[in-house]
Amino acid sequence: MIQSIWKMKKVLAILLALSTLSFIVYLTIGRKNVGSIHKYTSTDDLYVKEKTKLLKNDLQEAATKIQELEEKLEILETRIPKKYPEVKFLNYLKKKRILVTGGAGFVGSHLVDNLMLQGHEVIVVDNFFTGRKRNVEQWIGHENFELIHHDIVNPLFIEVDEIYHLASPASPPHYMQNPVKTIKTNTLGTINMLGLARRVNAKVLIASTSEVYGDPDIHPQPETYWGHVNPIGPRACYDEGKRVAETLTYAYAKQENMQVRVARIFNTYGPRMHMNDGRVVSNFILQALQNEVITVYGSGEQTRSFQYVSDLVDGLVALMESNYTLPVNLGNPVEHTINEFATIIKQLVGGHSTIKNVAEVEDDPQRRRPDISRAKNILNWEPKVSLNVGLQKTVNYFRKELKRFKHSHNKSSNFL
Ligand SMILES: O=c1ccn([C@@H]2O[C@H](COP(=O)(O)OP(=O)(O)O[C@H]3OC[C@@H](O)[C@H](O)[C@H]3O)[C@@H](O)[C@H]2O)c(=O)[nH]1
């Protein structure tokens, strides 16, 4: 198939070259000869005009044919078997059917890569509110992979061995955009996933968040801390939504004797973050790459600790495989003020952005840093990727995304 496509491409190129050549030969030699034999007459002029018109028509026809053939080629190329990343072979005793809700999202899609490479069967469920098909396109069509467009606010009936329940918008501007939907996803959605796990006797891991600690008055935050959350503030749809999700998880576990895991995920970054994600890492990098003002909300003295996405994925898999049922913090304990963070990004990216303090965000947690002793002791897990290495990878990713965006933007404006 590939060979015949190449042959077709060669024939097309030869056709085009021949017709262009004959046109040029005619215009140069043909016209010269006409001029050298006799003086121009109006009949000669007419002849030349007529001939040029005919050749132009021929060229136009050839161009249309080429376009038709190119379209056919495109269709044929889609039939060439796709090359997938190499996955491990697992026998039927070891191979699991794993559901990842929110599997087309930023964290979800990296988890899917990990599980697929291990050789498991992976079913992704996503409503594509913040997830994107592009994040999992590398697996589409693979025999171990399935993508279902579904909103987990509605029940789902499938057979699985494990469930990673990640579905929920996670960036503050996204989860605040439709707070009722965020609450529904984290309550009804979680009930549906716990119900499914109970029916099919699957192990279930719930993605919770460091936001359950609210604006903490204990620092760093251990899992035993109950938190300091404003139940009616703008972040409550997410904070309280996740707190109820945890409550539901332990209620099901106790009442139905289920195997549950709860990961409290701290600020995470990396490739596949959305250009419009709105969180600090993507905002600062995009601003720096475009020489725009880097916007620090409030004084910038609030702190965060950032973990690279591959570290988080390793932690999630280790937690699922463990026997531990209580919540576990997954985050990188290296803490920075947002002012420091802005300077780090500016230095890494270069350019001539300035850093500006703008209005503060309501209920913005002032300090955040995970106590990861539990994850270290129980899972033997700790982050491996330094901020510098992780940020460099993320900057490279956003640089490509910007080029891609500009390219498609130019293309569409040309088209219009
Ligand atoms: O452009 C920006 C964006 C954000 N910020 C600040 O940077 C800090 C971090 O903000 P982000 O929006 O990235 O993330 P937050 O820490 O507020 O929330 C996150 O917490 C942990 C995760 O579970 C969630 O993904 C998310 O809710 C905040 O203090 C925020 O005010 C800026 O100064 N400028």
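This passage describes helix packing and local backbone features in a predicted model.

Two packed helices are described by the angle between their axes and the distance between the axes. Three such pairs are considered in turn.

The first pair consists of helix 5, which covers residues 179–200, and helix 6, which covers residues 236–256. Their axes come within 9 Å and cross at roughly 15°. Because angles under 35 degrees count as roughly parallel, helix 5 is roughly parallel to helix 6. The crossing of these two helices is right-handed. On the side of helix 5, the contact is made by Pro179, Thr182, Ile183, Asn186, Thr187, Thr190, Ile191, Leu194, Gly195 and Arg198. Their partners in helix 6 are Cys237, Tyr238, Gly241, Lys242, Val244, Ala245, Leu248, Thr249, Tyr252 and Glu256. By class, the residues of the contact between helix 5 and helix 6 comprise 10 nonpolar, seven polar and three charged.

Helix 5 was also examined along its own length. At 1.5 Å a residue, its 22 residues should span 32 Å, and the C-alpha atoms at its ends lie 31 Å apart, which agrees with that expectation. Helix 5 nevertheless has a bend of about 25°, located at threonine 185. The residue that follows helix 5 is asparagine 201, and its phi is positive, near 60°.

The second pair is formed by helix 7 (residues 280–289) and helix 9 (residues 338–349). The axes of helix 7 and helix 9 come within 9 Å, and the crossing angle is roughly 40°. That angle makes helix 7 oblique to helix 9. Helix 7 passes helix 9 in a right-handed crossing. Helix 7 contributes Val280, Val281, Phe284, Ile285, Ala288 and Leu289 to the contact, and these meet Ile338, Phe341, Ala342, Ile345 and Val349 of helix 9. The contact of helix 7 with helix 9 contains 11 nonpolar residues, with no polar and no charged ones.

The third pair brings together helix 3 (residues 106–117) and helix 8 (residues 309–321). Helix 3 and helix 8 pack at an angle of about 60°, and their axes are 9 Å apart. The crossing of helix 3 with helix 8 is right-handed. In helix 3, the residues in contact are Phe106, Val107, His110, Leu111, Asn114 and Leu115. They meet Val309, Leu312, Val313, Asp314, Leu316 and Val317 in helix 8. The contact of helix 3 with helix 8 is made up of nine nonpolar, two polar and one charged residues.

Backbone features were also found in loops. Proline 220 is located in the loop between strand 5 (203–209) and helix 6. The peptide bond that leads from histidine 219 to proline 220 is cis, and its omega is near -15°.

Positive phi values occur in two further loops. Phenylalanine 128, in the loop between strand 2 (121–126) and strand 3 (145–149), has a phi near 60°, which is a positive value in a residue other than glycine. Arginine 272 has a phi near 80°, likewise positive in a residue other than glycine. The loop that holds arginine 272 runs between strand 7 (268–269) and helix 7.

Notes: Residues are numbered from 1 along each chain as its sequence is written. This is a predicted model: local features need pLDDT of at least 70, side-chain atom pairs count only at pLDDT 80 or more; totals for chains, interfaces and linings use all residues. Side-chain values use heavy atoms; hydrogens and water are left out. Axes are lines fitted to C-alpha atoms, for helices over the stretch in contact, and angles run from 0 to 180 degrees between N-to-C directions. Helices (H or I, at least four residues) and strands (E, at least two) are DSSP runs, numbered from the N terminus. Angles under 35 degrees count as roughly parallel, over 145 as roughly antiparallel, 65 to 115 as roughly perpendicular and the rest as oblique. A crossing is left-handed if the near helix is turned anticlockwise from the far one by less than a right angle, and right-handed if clockwise. Contact means heavy atoms within 4.5 Å. Ala, Val, Leu, Ile, Met, Phe, Trp, Tyr, Cys and Pro count as nonpolar, Asp, Glu, Lys and Arg as charged, and the others, Gly among them, as polar. The expected span of a helix is 1.5 Å times one less than its number of residues. The bend at a residue is the angle between axes fitted to the seven residues ending there and the seven starting there.
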